[in-house]
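User: I would like a close look at one part of this model, followed by an account of how other parts of the chain are put together. Please take your time and keep the reasoning explicit.

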Amino acid sequence: MPLLVDGRRVRLPQSAGELVRAHPSLEERARLLRGQSVQPVGPQGLLYVQQRELAVTSPKDGSISILGSDDATTCHIVVLRHTGNGATCLTHCDGTDTKAEVPLILNSVKSFSDHAQCGRLEVHLVGGFSDDRHLSQKLTHQLLSEFDKQEEDIHLVTLCVTELNDREENENHFPIIYGIAVNIKTAEIFRASFKDRGPEEELRAARALVGGPMISIYDAKMEQLRIGPYSWTPFPHVDFWLQQDDKQILENLSTSPLAEPPHFVEHIRSTLMFLKKYPSPVNTLFPGNKALLYKKNEDGLWEKISSGS
């Protein structure tokens with residue numbers, strides 16, 4: 001069944017702007033979200049989701065109360081929630097393989113759902129801006145189109161993407177919202193920033209930079225974060241890239257050089273250093289080729305437990 005807004009089928013293809021003009025409730029919700037101040041989210045009870053990662057849990061989770069992600073420029077952050085049992089998935093999509101990712105998002109939430117249960121599936125799409133290369137526009141179109149192709153009714157509740165998330169300054173375009181969080185217990189979605197993006201921030205960023213696919217990182221039944229085991233081939237010309245100045249890195253390794261947050265280049269450099277240090281991660285980073293497992297401690301912070309299988 002199709003994508004719905006206010007119980008009515010969405011007519012596609014339409015741009016985000018056309019969609020909100022046809023559905024005033026979407027326009028109002030986007031306006032309210034853009035108007036919020038950014039809330040800094042601390043590490044307690046937080047599960048931070050990096051690019052090409054997916055995490056799903058429910059209000060029964062005793063460890064995680066907030067899912068969040070940021071640093072989205074042309075990327076979109078997607079939240080899918082089942083209103084009956086509160087199962088919530090948050091993911092950071094970059095358009096690599098939207099066709100494969102949307103069913104993955106849907107199935108992750110359905111894995112919690114008892115099909116006899118009342119409630120509905122609601123989707124929230126946030127991120128992107130009016131970038132020169134139209135990457136945001138393309139990703140918005142892909143996501144709307146793929147959600148529309150799924151068998152289930154999916155209700156589009158928030159659409160704050162591309163031209164709806166754009167601001168202009170000195171003839172350059174920037175996203176208004178770079179990051180959001182969702183409160184698993186209350187279902188509130190809000191603008192957010194995060195100091196703590198761990199654990200294993202560099203390792204997870206390295207996997208995304210070398211082109212790893214969308215993966216699920218959290219086992220909600222065990223309340224454990226599972227990292228890896230990952231494998232990758234050495235990053236091509238890593239020494240060359242590490243010798244480049246900030247401008248070259250920004251222009252060549254970003255989808256939107258002018259709109260990146262201030263720490264982007266530093267983040268790319270540290271990820272490249274990590275890839276240089278670990279050209280092949282299998283046995284060096286994952287002893288015995290086992291996953292790295294983390295659990296929240298009594299203070300709500302991640303703590304490493306023994307490696308998994």
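How many bridges join strand β6 to strand β13, and in which sense do the two strands run?

Analyst: This is a predicted model, and what follows should be read with that in mind. Strand β6, residues 66-69, is joined to strand β13, residues 180-183, by four bridges, and the two strands run antiparallel. Within this pair, G68 stands opposite A181 of β13.

The two strands belong to an open sheet of five strands, whose order is β3-β14-β13-β6-β4 and whose pairing is mixed. The edges of that sheet are taken by β3 (39-41) and β4, and because each of them has a single partner strand, one side of each is left without a neighbour in the sheet. From one strand to the next, the twist averages 40°.

A second open sheet can be described in a similar way. It has four strands in the order β16-β17-β18-β19, and here the pairing is antiparallel. Its edge strands are β16 (218-219) and β19 (302-305), each of which pairs on one side only. Strand β18, which covers residues 292-296, pairs with β19 in the antiparallel sense over four bridges, and in this pairing L293 has I305 of β19 as its bridge partner.

Turning to the helices, α8 (residues 264-277) is a useful place to start, and its contact with α5 (residues 201-209) comes up first. The axes of α5 and α8 come within 9 Å and cross at roughly 90°, and the two helices are therefore roughly perpendicular to each other. On the α5 side the contact is made by E201, E202, L203, A205, A206 and L209, while α8 brings H267, I268, S270, T271, L272, F274 and L275. Sorted by character, the residues of this contact comprise eight nonpolar, three polar and two charged.

Helix α7 (residues 246-253) also meets α8, with axes that come within 10 Å and cross at roughly 85°, so that α7 is roughly perpendicular to α8. In this contact D246, I249, L250 and L253 of α7 meet F264, V265, I268, R269 and L272 of α8, and the residues involved divide into seven nonpolar, no polar and two charged. Reading the two contacts side by side, I268 and L272 of α8 are listed both in the contact with α5 and in the contact with α7.

Helix α8 takes part in a salt bridge as well, since its residue K276 pairs with D239 of helix α6 (residues 238-243), and the pair thereby ties together parts that are 37 residues apart in sequence. The closest N and O atoms of D239 and K276 are 2.4 Å apart. D239 is partly exposed, with a relative accessible area of 38%, and K276 is likewise described as partly exposed, at 41%.

Over the whole structure, a search finds 13 salt bridges. One of them joins the side chains of R52 and D94, at 2.6 Å from N to O. This pair links distant parts of the chain, 42 residues apart, with R52 in the loop between β4 (46-48) and β5 (53-57) and D94 in the loop between β8 (88-93) and α3 (98-110). R52 is buried, at a relative accessible area of 11%, whereas D94, at 21% relative accessibility, counts as partly exposed; the classification turns on a cut-off, because buried means under 20%.

Another salt bridge is formed by R120 and E122, whose closest N and O atoms are 2.9 Å apart. Here R120 is partly exposed, with a relative accessible area of 36%, while E122 counts as buried at 15% relative accessibility. Beyond these pairs, D70, D71 and R197 are linked in a network of salt bridges.

A last residue to examine is A30, which is found in helix α2 (residues 24-35). A30 is buried, with a relative accessible area of 1%. When its neighbours within four places in sequence are left aside, A30 is in contact with L159 and C160. As for T73, A30 stands 43 residues from T73 in sequence and 17 Å from it in space, C-alpha to C-alpha.

Notes:
Residues are numbered from 1 along each chain as its sequence is written. This is a predicted model: local features need pLDDT of at least 70, side-chain atom pairs count only at pLDDT 80 or more; totals for chains, interfaces and linings use all residues. Side-chain values use heavy atoms; hydrogens and water are left out. Buried means under 20% relative accessible area, exposed over 50%, partly exposed in between (1.4 Å probe, protein chains only). Contact means heavy atoms within 4.5 Å. Two strands pair if DSSP finds at least two bridges between them. Axes are lines fitted to C-alpha atoms, for helices over the stretch in contact, and angles run from 0 to 180 degrees between N-to-C directions. Angles under 35 degrees count as roughly parallel, over 145 as roughly antiparallel, 65 to 115 as roughly perpendicular and the rest as oblique. Ala, Val, Leu, Ile, Met, Phe, Trp, Tyr, Cys and Pro count as nonpolar, Asp, Glu, Lys and Arg as charged, and the others, Gly among them, as polar. A salt bridge is a side-chain nitrogen of Lys or Arg within 4 Å of a carboxyl oxygen of Asp or Glu.
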